[in-house]
Amino acid sequence: ERQRLYVQEGGRLTMVFLCSGASTRRRLPPTQHPDDPHDHYGTFRVLAKDPDHVSNLNPEWNMPYAMRYLAGHWIHVTSRNQYHRLGRPGSHGCVRLHRVDGIRLYERTPIGTRVVIY
């Protein structure tokens with residue numbers, strides 16, 4: 001139940017953050033894209049970064065320090081009122097982080113970095 005994001009550098013575990021994935025706990029291969037909340041498992045790369053990203057699903061959802069790894073799936077900072085959900089499913093398919101953790105990860109992660117979701 002305790003969802004985490006692990007960071008490795010040079011083959012060593014360097015950081016562990018509580019995170020939240022899809023509220024449905026539904027995991028799919030990257031070839032399937034239903035409209036309901038879901039996560040994709042597999043190996044990806046950071047494709048884009050945006051410090052001020054806004055959701056395509058709802059323009060009221062700010063997704064700061066966002067890193068896109070697949071279509072509409074991002075690793076990003078969540079809002080303060082969602083911090084209590086970190087460690088448990090609670091997103092529409094993104095990987096949500098606490099602001100401190102998300103900024104730290106964003107600053108250390110170049111485009112092209114490998115992302116493994118399992």
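**Exercise 1.** How many positive and how many negative side chains does the protein have, and how far apart do the centres of the two sets lie?

*Solution.* Keep in mind that you're working with a predicted model. Start by counting charges: there are 17 positive side chains and 10 negative ones. Next, take the centre of each set; the two centres lie 7 Å apart.

**Exercise 2.** Work out the order of helices and strands along the chain.

*Solution.* First, the tally: one helix and ten strands. Now walk along the sequence, and you get β-β-β-β-β-β-β-β-β-α-β. So the helix slots in just before the last strand, going by the definition of these elements.

**Exercise 3.** Check the radius of gyration against what a compact globule would have.

*Solution.* Begin with the length, 118 residues. A compact globule of that length would have a radius of gyration near 13 Å. The protein has 13 Å, so the two agree. For another view, its C-alpha atoms fill a box of roughly 35 × 30 × 30 Å along the principal axes.

**Exercise 4.** Find the residues that touch the most other members of the largest nonpolar core, then follow one of them outwards.

*Solution.* This core has 17 residues, and Leu5, Tyr69, Ile75 and Leu105 touch the most other members. Which elements give two or more residues to it? They are strand 1 (4-9), strand 2 (12-20), strand 7 (62-70), strand 9 (95-97), helix 1 (99-108) and strand 10 (114-117). Now pick Tyr69 and skip its neighbours within four places in sequence: its contacts include Phe44, Leu47, Trp74, Ile75, Val95 and Ile117. Finally, zoom out: 41% of the protein's 118 residues count as buried.

Conventions:
Residues numbered from 1 in each chain as written. Predicted model: local features only at pLDDT ≥ 70, side-chain atom pairs only at ≥ 80, totals over all residues. Heavy atoms only, no water. Core = buried A, V, L, I, M, F, W, Y, C linked by side-chain atoms within 4.5 Å. Buried < 20%, exposed > 50% of the residue type's maximum accessible area, 1.4 Å probe, protein only. Helix = DSSP H or I, 4+ residues; strand = E, 2+ residues; numbered from the N terminus. Contact = heavy atoms within 4.5 Å. Rg over C-alpha atoms; globule rule 2.2 N^0.38 Å. Lys, Arg positive; Asp, Glu negative; His and termini not counted. Charge placed at Lys NZ, Arg CZ, Asp CG, Glu CD.
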